[in-house]
Amino acid sequence: MKRLQNRLLQMLITLIGVSFLTFCLTYIAPGDPAAMVLEAGDHIVSEELLQKTREEMGLNKPFLVQYVDWVGGLLHGDMGVSYSAKKPVAEKLAEGFVGTFFLAAVTIVFVVVISIPLGIWSAIRQNEWPDYLVRICSFVGVSMPNFWLGLMLLYIFGLKLGWFPITSSSVTVQGVVLPALTLAIYQSTKYVRQVRTVILDELHQDYVIGARARGIGETTILLKHVLPNAILPLITLLGMSIGWLLGGVAVIEIVFSWPGIGNTAVHAIMMRDYPLVEGFVLWVAVVYMLINFLVDVSYTYFDPRLKKEGNG
């Protein structure tokens, strides 16, 4: 219980720090938000109208007062209004989250299907041709920029073969395949080697040698002994991937015109939509902290030693 309280306190302090730093950066950023709002609405920007708009938006207040007002709005579920979309920031982020969540879910499935079997295969065939083949493919995959890989997949399967749409203005099953596959290949090329290392470490443990001496089959050893003991590092890898994906993979979403939260953030930065940028950064921080917290909780569940320590 004490460990949980300490972790929640750390998350709260981190969140306060992230919110303050984000607000500082947008505050000192060039450009007047009031002028941008008026120009977006096709108003004739006079000095009188500019000052009135600044007062309505609270921009004439001191920095700390503006920050406290913003945090107070956050505590009541109000993240402000997007300058460019003319709608609440929370609503705009929620629209992008649907596409990002769907893309992340499909990508994680692809990553698990690709990286774990290949990593295990490479480990059990160590220093044989399957091992060398997997490691070479992994090295080549890590060396390729993910946006270039996405463009190649888009050119081959979208433009030439016509199997998948080139752009995706809405969230569809057919439209998610190429961006999810691009991200999965990029992630899997990194994780295959890590899965291989974890499995190799477990295969050289004393309990595996003892199981083999008792005549237990390799498949049984792998499924009933090695994989359960190797699950903690794999959970960490998946947690990192989920946090990265839910934060919005902006480059891939831009390449495939995928309606996700990363695409929304890029357009917000281009339009200097500071409330939307602040909301996005805060969202990313919350996602990463929440994923790390859930990974820690899963450690306690899957590792009996940590469970005993917690009970003690």
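Of the 22 residues that make up the largest nonpolar core of this predicted model, Leu-103, Val-176, Leu-183, Leu-245 and Phe-256 touch the most other members. The elements that contribute two or more residues to this core are helix H5 (89-124), H7, H8, helix H11 (231-246), H12 and helix H14 (274-302). A second core, separate from this one, has 18 residues, including Val-111, Ala-123, Tyr-191 and Val-198. As a general background to such clusters, nonpolar side chains in soluble globular proteins tend to be buried together.

Leu-245 gives a view of the packing around one member of the largest core. When neighbours within four places in sequence are left aside, Leu-245 is in contact with Thr-100, Ala-104, Thr-107, Ile-108 and Leu-183.

**Overall fold and dimensions**

The chain has 15 helices and zero strands. Its radius of gyration is 24 Å, well over the 20 Å that the globule rule gives for 312 residues, so the chain is more spread out than a compact globule. The C-alpha trace spans about 85 × 60 × 30 Å along its principal axes, and 39% of the 312 residues count as buried. Among contacts between residues at least 6 apart in sequence, 72% join residues that are at least 24 apart.

**Helices H5 and H7**

Helix H5, with 36 residues, reaches 50 Å from its first C-alpha to its last, which is close to the 52 Å expected at 1.5 Å a residue; H5 nevertheless bends by about 30° at Phe-97. For helix H7 (residues 146-160), the 15 residues should span 21 Å at 1.5 Å a residue, and the distance of 20 Å between its end C-alpha atoms agrees with that expectation. H7 bends by about 30° at Leu-154, and Leu-154 is also one of the buried residues of this helix, together with Asn-146, Leu-149, Gly-150, Leu-153 and Gly-158. Because an α-helix has 3.6 residues a turn, residues three or four places apart point the same way. The cover over the buried residues of H7 includes helix H8 (173-203) and helix H12 (250-255).

**Polar residues within helices**

How is Gln-187, a residue of helix H8, placed with respect to solvent: buried or exposed? Its relative accessibility is 2%, and Gln-187 therefore counts as buried, the cut-off being under 20%. The side chain of Gln-187 makes a polar contact with the side chain of Ser-241 at 2.7 Å. Apart from neighbours within four places in sequence, Gln-187 is in contact with Val-111, Ser-241 and Trp-244, and Val-111 is itself a member of the second core.

Thr-22, in helix H1 (residues 2-28), is likewise buried, with a relative accessible area of 10%. Once neighbours within four places in sequence are set aside, Thr-22 is in contact with Glu-278 and Val-281.

His-225 is found in helix H10 (residues 218-229) and, at 29% relative accessibility, counts as partly exposed. Not counting residues up to four places away in sequence, His-225 touches Tyr-207 and Thr-220. His-225 and Tyr-207 are 18 residues apart in sequence, and their C-alpha atoms are 8.5 Å apart in space.

**Positive phi values**

Most residues other than glycine have a negative phi. Asn-127 has a positive phi although it is not a glycine, and Ser-257 likewise takes a positive value in a residue other than glycine. Asn-127 lies in the loop between H5 and helix H6 (129-143), while Ser-257 lies in the loop between H12 and helix H13 (261-270). Gly-162, which comes just after H7, takes a positive phi of about 70°. The two residues that are not glycine are set side by side below.

| Residue | Phi | Relative accessible area |
|---|---|---|
| Asn-127 | about 60° | 48%, partly exposed |
| Ser-257 | near 50° | 31%, partly exposed |

Conventions:
Residues are numbered from 1 along each chain as its sequence is written. This is a predicted model: local features need pLDDT of at least 70, side-chain atom pairs count only at pLDDT 80 or more; totals for chains, interfaces and linings use all residues. Side-chain values use heavy atoms; hydrogens and water are left out. Helices (H or I, at least four residues) and strands (E, at least two) are DSSP runs, numbered from the N terminus. The expected span of a helix is 1.5 Å times one less than its number of residues. The bend at a residue is the angle between axes fitted to the seven residues ending there and the seven starting there. Buried means under 20% relative accessible area, exposed over 50%, partly exposed in between (1.4 Å probe, protein chains only). Contact means heavy atoms within 4.5 Å. A polar contact is a pair of N or O atoms within 3.5 Å; within protein, one must be able to donate a hydrogen and the other to accept it, and residues adjacent in sequence count only if both atoms are side-chain atoms. A nonpolar core is a set of buried Ala, Val, Leu, Ile, Met, Phe, Trp, Tyr and Cys residues joined through side-chain atoms within 4.5 Å. The radius of gyration is taken over C-alpha atoms; the globule rule is 2.2 Å times the number of residues to the power 0.38.
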